[in-house]
Amino acid sequence: MTATLTPDQLDLEAARLYDTAAWQQIVTNWQYTAPEPTLRTAPEATQPLADAKPEDWRNLLSVPVDQLINDAVRSIPATPPTERPLPGRLGAILPDRLHTWRRIGQADIRPSTHLAYARQVLTEWGWQNQPYKLRNGRGARCVCGGMLTAHRLGYGSTDTMNQAGAWLITELRHQGWTGLIGSWNRAPGRTATDALALIDATIRRASHAGQ
């Protein structure tokens, strides 16, 4: 259950999702997830343009119009987390279960948008890398803890949070890290700047894939 989920459990769930064949298909084609374009035959050279029907301009395109529209929508960046401010510093140290009422009536969001809220949590409440802890005494979170807190504040379903974690692992693999998010977060020398840069890179990757 979400109420008892820990950062390490989220880490494992994201890793399992990353290892599925379906997810590998998504991340293999993350820059181009629409169907392959079907080349259209241009109008006959002997056909006078004056005789062309109004809809014949579509034949001049190398990809279908619907695909052009989908690609344009897919390139729209994630919605920045400006709808609701985070609770103040007191909210950072309160048990997350006291924030569950914030989930009432909240629509689901894209994984990239969920990550943007997780980034806000780390920026406003702080980042920490103590092993196997959701947060420290000041309310600072690890990367997985930031995602869990964003979820518990109402920003994204459990499935969305797991997908966001899988995108983080995808970005880590791209950067050459073969372990989990938690082990990356608590690696010696890791900084808050590193954590925010990882989330920013993951947001870009997921946004470009339409997620």
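## A charge above a ring

Let us start with one small detail: the charged end of Arg 173 sits over the ring of Tyr 18, 5.3 Å from the ring's centre. Please keep in mind that this is a predicted model. A second arginine does something comparable to read about: Arg 190 lies over the face of Trp 177, and here the distance to the ring centre is 5.8 Å.

## The overall plan

Now step back to the whole chain. How many helices and how many strands does the protein chain have? There are nine helices and zero strands. Reading from the N terminus, you meet α-α-α-α-α-α-α-α-α.

The protein chain has 211 residues, and 43% of them count as buried. Its accessible surface comes to about 11500 Å², with 58% of that belonging to carbon and sulfur atoms. Contacts across the sequence matter for the picture too: among the contacts with a separation of 6 or more, 75% are between residues 24 or more positions apart.

## Two aromatic pairs

A pair of aromatic rings is described by two things, the distance of the centres and the angle of the planes. Searching the whole structure turns up two aromatic pairs. Trp 23 and Trp 167 make an edge-to-face pair, with 5.1 Å from centre to centre and 65° between the planes. Trp 23 belongs to helix α2 (residues 21-28) and Trp 167 to helix α7 (residues 158-174), so this pair ties together parts that are 144 residues apart in sequence. Are these two tryptophans buried or exposed? Both Trp 23 and Trp 167 are buried.

The other pair is stacked: Tyr 117 and Tyr 155 have their centres 3.7 Å apart, with 0° between the planes. This pair also links distant parts of the chain, since Tyr 117 is in helix α5 (residues 111-125) while Tyr 155 is in the loop between α6 (143-152) and α7, 38 residues away. Tyr 117 is buried, and Tyr 155 is buried as well.

## Two cysteines without a bond

A disulfide is a covalent bond between the sulfur atoms of two cysteines. How many disulfides does a search of the whole structure find? The search finds zero.

Why is Cys 142 not bonded to Cys 144? The closest cysteine sulfur to that of Cys 142 is the one in Cys 144, and at 5.6 Å it is too far for a bond. A disulfide would need the two sulfur atoms within 2.5 Å. Both residues are tucked away from the surface by the numbers: Cys 142 counts as buried because its relative accessibility is 8%, and Cys 144 counts as buried at 2%.

## A buried asparagine

Asn 162 is found in helix α7. With a relative accessibility of 13%, Asn 162 counts as buried. Which residues does Asn 162 touch, leaving out those up to four places away in sequence? The answer is Leu 10, Glu 13, Ala 14 and Leu 17.

## Helix α9

Helix α9 (residues 192-208) is 17 residues in length. From its first C-alpha to its last, α9 reaches 25 Å, close to the 24 Å expected at 1.5 Å a residue. An α-helix has 3.6 residues a turn, so residues three or four places apart point the same way.

Several residues of α9 are buried, including Ala 195, Leu 198, Ile 199, Thr 202, Arg 205 and Ala 206. After α9 comes Gly 210, whose phi is positive, near 80°.

Technical notes. Residues are numbered from 1 along each chain as its sequence is written. This is a predicted model: local features need pLDDT of at least 70, side-chain atom pairs count only at pLDDT 80 or more; totals for chains, interfaces and linings use all residues. Side-chain values use heavy atoms; hydrogens and water are left out. Helices (H or I, at least four residues) and strands (E, at least two) are DSSP runs, numbered from the N terminus. Buried means under 20% relative accessible area, exposed over 50%, partly exposed in between (1.4 Å probe, protein chains only). Contact means heavy atoms within 4.5 Å. Accessible areas come from the Shrake-Rupley method with a 1.4 Å probe; for residues, only the protein chains shown count as cover. Rings of Phe, Tyr and Trp (its six-membered ring) pair if their centres lie within 6.5 Å; planes under 30 degrees apart count as stacked, over 60 as edge-to-face and the rest as tilted. A charge sits over a ring if NZ of Lys or CZ of Arg is within 6 Å of the ring centre and within 35 degrees of the ring normal. The expected span of a helix is 1.5 Å times one less than its number of residues.
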